[in-house]
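The exercises below are to be worked through with the sequence and the structure side by side. Each task is followed by a solution that proceeds step by step.

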Amino acid sequence: MKQIPLVDLRRQYDRIKLEISVAMENVLTNSDFILGKDVDLFESEFADFVGVKHAVGVASGTDALVLALKACGIGPSDEILVPANTFIATAYAVSACGARPVLVDVRETDYNLDPDKLIGACTQRTRAILPVHLYGCTADMNAIREFAEKFGLLVIEDACQAHGARYGQELAGGMTKAGAFSFYPGKNLGAYGDGGGVTTNDDNIAKSVRMMRNYGQSKKYHHDIIGLNSRLDSLQAAVLRIKLKYLEEWNANRCQLARMYSEALEGLPITLPCAPASQFGHVYHLFVIRTERRNDLLSFLNTKGIGAGIHYPVPVHLHHAYESLGYKIGDFPVSERLSEEVLSLPIFPEMTHDELFHVVEMVKQFFGN
Ligand SMILES: *Cc1c(COP(=O)(O)O)cnc(C)c1O
């Protein structure tokens, strides 16, 4: 039986194998493993890509969020508005700063933070909004920024699923005070291990993140602030420099696959992913459909060798980890319904059209077409 995984990293590696081994060999020869030359170069290349002044490499996307928040002065007693439909790390980062994640429901259209629901979540303690560009689709940034300006709030982007995603002419990670990226292997731009990055136009935020990621030191063994150890490895930076050159091409492949899926699945009793505000902004980190028969469709596809997945099966407020926030079932109805109905079909830049049509055939078979 034909096996089609949700993502296939091996296929991409096979295409860039030679470049990767040369780059890794160079790091090994130079032996500048920590904050070496490739980290510097990747940081400036990634900043150029996002169209910002600074990019700072850190150990993970979660750390990128934590350090961006801390550099913006977020700390205990602050409340940060976070969508209820996201990967748990968005909320964890807020908790890691000692602040409180205050959840906001998402929109039926793009599954991202609903700007109309921000007002209901605001209190005297609200300091910032942390929108997520989920699945590779940018959130409604104009509405979010307008709201933030009106109420004097900071905005920081969780761009961990949105490398190269656009909102009009703007790029994800470059639209607000700071952006946070993950370079986890499965992301649109992924390393061969953990990695992350903070993007910003603000010199002070960049400086502060740079210090905090490296024990809070201004120079060796002189520690000005309490920091931590959260650096991007030179080996990972070397991998990312190579992959960054292909990112636009890979994102274009994802978009083409998404278009083909959407055309081929038209007319079935499922909801297709929407086009974002600007038509070409989506980078389809995931191709997420919706159906009330989600669980049956998932098992059917899995028995057919198709690696469909669920992103995410539990909304943030219903995890045990967040019982203490005091939310209950019914508080975020859209996010709750999504958690029962979303299904991610396989998508990755190297997926063949034959594979895509096979997935489509199986989905059609399930619905009896
Ligand atoms: C992956 C991800 C993170 C966390 O990134 P890590 O590199 O795994 O720490 C945060 N937010 C979102 C939306 C993500 O998808």
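**Exercise 1.** Which residue in S3 does Leu81 stand opposite?

*Solution.* Bear in mind throughout that the model is a predicted one. Begin with the pair of strands: S2, which covers residues 79–83, is joined to S3 by five bridges, and the two run parallel. Within this pairing, the residue opposite Leu81 is Val102 of S3.

**Exercise 2.** Determine the order of the strands in the open sheet, and explain which strands stand at the edges.

*Solution.* Following the pairings across the sheet gives seven strands in the order S1-S9-S8-S5-S4-S2-S3, with mixed pairing. The edges are taken by S1 (54–58) and S3 (100–104), and because each has a single partner strand, one side of each is left without a neighbour in the sheet. From one strand to the next, the twist averages 30°.

**Exercise 3.** Describe how helices H2 and H6 are placed against the sheet.

*Solution.* Take helix H2 (residues 37–50) as the starting point: this helix lies across S1, S8 (178–182) and S9 (196–200), and runs at about 130° to S1. Helix H6 (residues 203–213) also packs on the sheet, where it touches S1 and S9, and its direction makes about 15° with that of S1.

**Exercise 4.** Is S5 largely enclosed or largely open, and why?

*Solution.* The cut-off needed here is that a residue counts as buried under 20% relative accessible area. Five of the five residues of S5 are buried, so the strand is largely enclosed by the rest of the structure. In a regular strand the side chains alternate between the two faces of the sheet. Accordingly, the two faces can be listed separately: Leu154, Ile156 and Asp158 are buried on one side, while Val155 and Glu157 are buried on the other. As for its pairing with S4 (residues 126–129), the two strands run in the parallel sense over two bridges, and Ile129 stands opposite Val155.

**Exercise 5.** Which residues of helix H4 are buried, and what covers them?

*Solution.* In H4 (residues 89–96), the buried residues are Ala89, Thr90, Ala91, Ala93 and Val94. Their cover includes helix H3 (61–71) together with S2, S3 and S5 (154–158). Just after H4, Gly98 takes a positive phi of about 85°.

**Exercise 6.** Which residues form a nonpolar patch on the surface?

*Solution.* The patch consists of Leu28, Phe33 and Ile34, which together have about 260 Å² of accessible area. Leu28 belongs to helix H1 (residues 9–30), and at 42% relative accessibility it counts as partly exposed.

Technical notes: Residues numbered from 1 in each chain as written. Predicted model: local features only at pLDDT ≥ 70, side-chain atom pairs only at ≥ 80, totals over all residues. Heavy atoms only, no water. Patch = residues over 30% accessible without salt bridge, like charges linked within 9 Å, V, L, I, M, F, W, Y side chains within 5 Å. Areas by Shrake-Rupley, 256 points an atom, 1.4 Å probe, with all protein chains shown as cover. Salt bridge = Lys/Arg side-chain N within 4 Å of Asp/Glu carboxyl O. Helix = DSSP H or I, 4+ residues; strand = E, 2+ residues; numbered from the N terminus. Buried < 20%, exposed > 50% of the residue type's maximum accessible area, 1.4 Å probe, protein only. Pairing = 2+ DSSP bridges. Axes fitted to C-alpha atoms, helices over the stretch in contact; angles between N-to-C directions. Contact = heavy atoms within 4.5 Å.
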